[in-house]
Amino acid sequence: MRRLAIVASALALSACAGGPPPEIATPAPVLPVEFYFAPDGQTDTSLAALLPEEDPAYDTLSAQALAGSPTLGEAIARIDQARAGAGRAGAERLPSIGANASVTGTRTNPAQFGGALPPGIDFDAERVAYAANLTARWDLDIFGRLRAQERAALARVDAADASALAVRNALLAEIAGSVIDWRTLEARQAEIEDDIEAAEELARLAGVRERAGIAPGFDRVRAESAANASRSRLAALESERARLTGRLMTLTAQSAPQVRSALALEPAASELPAPPTALPSTLLVNRPDVVAAAATLALEDAELAATARRRFPVFDLSAAIGLLAFDPGDLFDEDSVVGSLAAAIAGPLFDFGRIEAEIDGAAAEKRAAFQAYRGAVYSALGDAETAYGLVAAADRELAAAQAEADSLQRAARLAETRQEAGLADFLTVLEARRAADASGERAAAALGRAKRARVLLWQALGGDPQPITRSTSQ
């Protein structure tokens, strides 16, 4: 017993000689008080209102994506993997109980005893042993290595959860943006079709005037050229539709007919929501990528603690109880009961720097995780600031585009009235009409960019923290 105490003391002193694990400073990032481009005053707009939730195409496609997206399915499988690892780490702190049974045959050579046995002493040269045992082993984890490993495993689950939520938000943002782009194409198509109709009407009137001999054929040719230019712009929209269809197929794991069927649903009319107000500090808990980076930092901190505790000895308790007999009929006799109880201690004495090198590596991993966390925080701040600025700029652009479209429509009507009164030539009317028609398409595109900017703001502020409902383990 005294020797065991001496060995334990030597192991503990050898571990303490290395000192505690290195301290890695992880100060909280300095955040601004408010966003520079955020709107003045408080708004009642919810974050979810920034998405096109009134559009049935978005509702349909987003539901399909959440149910069957391969990207989201992979992220959810990572959660299940992390949870399994956490379960294993927690189980390592509990006793391990096992059972075994054996039948062992042995044969002994009597000559190994060096000659004839004394009179009256005899033994079987061949015998069969029958055994059945229950065994138990328990690491007492006195220095907390297993507890630190369990903390690391639980932090890995948190990181996987946050990463899956980031994937979900990115998926919904991509679908929302694609649906908005599709609706923008429809609005642009309507404006271009109005252009074509107006240009064809002008060409018809120019043809009538040409046949009456009161206008040159050049007016009709100019009007037909304007109609053909609009038709060319209209045909170019099909390539955008093909790109959006393919993108939505990738995001939702649906076929092209299913995607086009969803996009054919008629959207409800809605107004642009005001951007919600948020504080920079809310990004630390709302942005999934920041939460994932924080969980990874906690993971690396626990890994460093577990690695440092490898310098300390391990105390094990083990026990076994069972039956041992040399005849099957004697297996359950009282004398067949055997057992053992042991306590063991093991630890490093001289490893020539192996554990210290592992500790240095774990400390470097923690420093890298901290810098990654800082990077995620400042990226989130930059994303949110950019999104607020884009919303403000897009709203100003939309107001200017709509004012331009209104004024050019009035100018086109005045030009037509002046031509009917003989105060303006056909070329003036044609140019005014072309300018008015082009302004309508620009206004439609500006509206799409304003809606797109709101989706970007939704994602930059963290999206909606809804739970991940699908699991590959279910």
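**Group meeting: a walk through one predicted chain**

Let me start at one residue. L317 sits in strand β3, which covers residues 314–325. With 36% relative accessibility, L317 counts as partly exposed. L317 also belongs to a nonpolar surface patch, together with W138, L140 and I142. The accessible area of that patch is about 340 Å² in all. Keep in mind that this is a predicted model.

Now the whole chain. How many helices and strands does the protein chain have? Ten helices and four strands. Their order from the N terminus is α-α-α-β-β-α-α-α-α-α-β-β-α-α. The radius of gyration is 39 Å, and the globule rule gives 23 Å for 474 residues, so the chain is more spread out than a compact globule. The box says it in other numbers. Along the principal axes, the C-alpha atoms fill roughly 150 × 50 × 40 Å.

Next, burial and surface. Of the 474 residues, 36% are buried. The accessible surface of the chain is about 26100 Å². Carbon and sulfur atoms hold 57% of that surface. And the contacts? Take those with a separation of 6 or more: 86% of them join residues 24 or more positions apart.

On to charges. The structure holds 26 salt bridges. I will show three.

First example: E92 and R88. Their side chains meet at 2.7 Å, N to O. E92 is partly exposed, at 35% relative accessibility. R88 is exposed, at 54%.

Second example: R188 and E441. This salt bridge has an N to O distance of 3.1 Å. R188 is in helix α4, residues 145–211, and E441 is in helix α10, residues 426–460, so the bridge ties together parts that are 253 residues apart in sequence. Is E441 buried or exposed? Buried, with a relative accessible area of 11%. R188 counts as partly exposed, at 24%.

Third example: D383 and R287. Here too the side chains meet in a salt bridge, at 3.1 Å, N to O. D383 lies in helix α9, residues 354–420. R287 lies in the loop between α7 (283–286) and α8 (288–308). The pair therefore ties together parts that are 96 residues apart in sequence. R287 is buried, at 7% relative accessible area. D383 is partly exposed, at 37%. Back to R188 and E441 for a moment. Through shared partners, salt bridges join R188, D195, R233 and E441 into one network.

Staying with helix α9: A400 lies there as well. A400 is partly exposed, with a relative accessible area of 49%. Which partner should you look at? The C-alpha atom of A443 is 8.5 Å from that of A400, and the two residues are 43 places apart along the chain.

Now a loop residue, T45. It lies between α1 (2–16) and α2 (56–68). T45 has 19% relative accessibility, and the cut-off for buried is under 20%, so T45 counts as buried. What does the side chain of T45 reach? The backbone oxygen of A274, at 2.9 Å. Leaving out residues up to four places away in sequence, T45 touches P273, A274 and P276.

Last topic: backbone angles. Two residues deserve a look on screen.

D141 is not a glycine, yet its phi is positive, about 50°. D141 lies in the loop between β2 (126–139) and α4. At 8% relative accessibility, D141 counts as buried.

F352 is the other one. Its phi is near 55°, again a positive value in a residue other than glycine. F352 lies in the loop between β4 (337–346) and α9. Is F352 buried or exposed? Exposed, with a relative accessible area of 76%.

To recap. The chain is more spread out than a compact globule. One salt bridge, R188 to E441, ties together parts 253 residues apart in sequence. D141 has a positive phi and is not a glycine, and F352 has a positive phi too. That is all from me.

How values were computed:
Residues numbered from 1 in each chain as written. Predicted model: local features only at pLDDT ≥ 70, side-chain atom pairs only at ≥ 80, totals over all residues. Heavy atoms only, no water. Patch = residues over 30% accessible without salt bridge, like charges linked within 9 Å, V, L, I, M, F, W, Y side chains within 5 Å. Areas by Shrake-Rupley, 256 points an atom, 1.4 Å probe, with all protein chains shown as cover. Salt bridge = Lys/Arg side-chain N within 4 Å of Asp/Glu carboxyl O. Helix = DSSP H or I, 4+ residues; strand = E, 2+ residues; numbered from the N terminus. Buried < 20%, exposed > 50% of the residue type's maximum accessible area, 1.4 Å probe, protein only. Polar contact = N/O pair within 3.5 Å; in protein donor to acceptor, adjacent residues only side chain to side chain. Contact = heavy atoms within 4.5 Å. Rg over C-alpha atoms; globule rule 2.2 N^0.38 Å.
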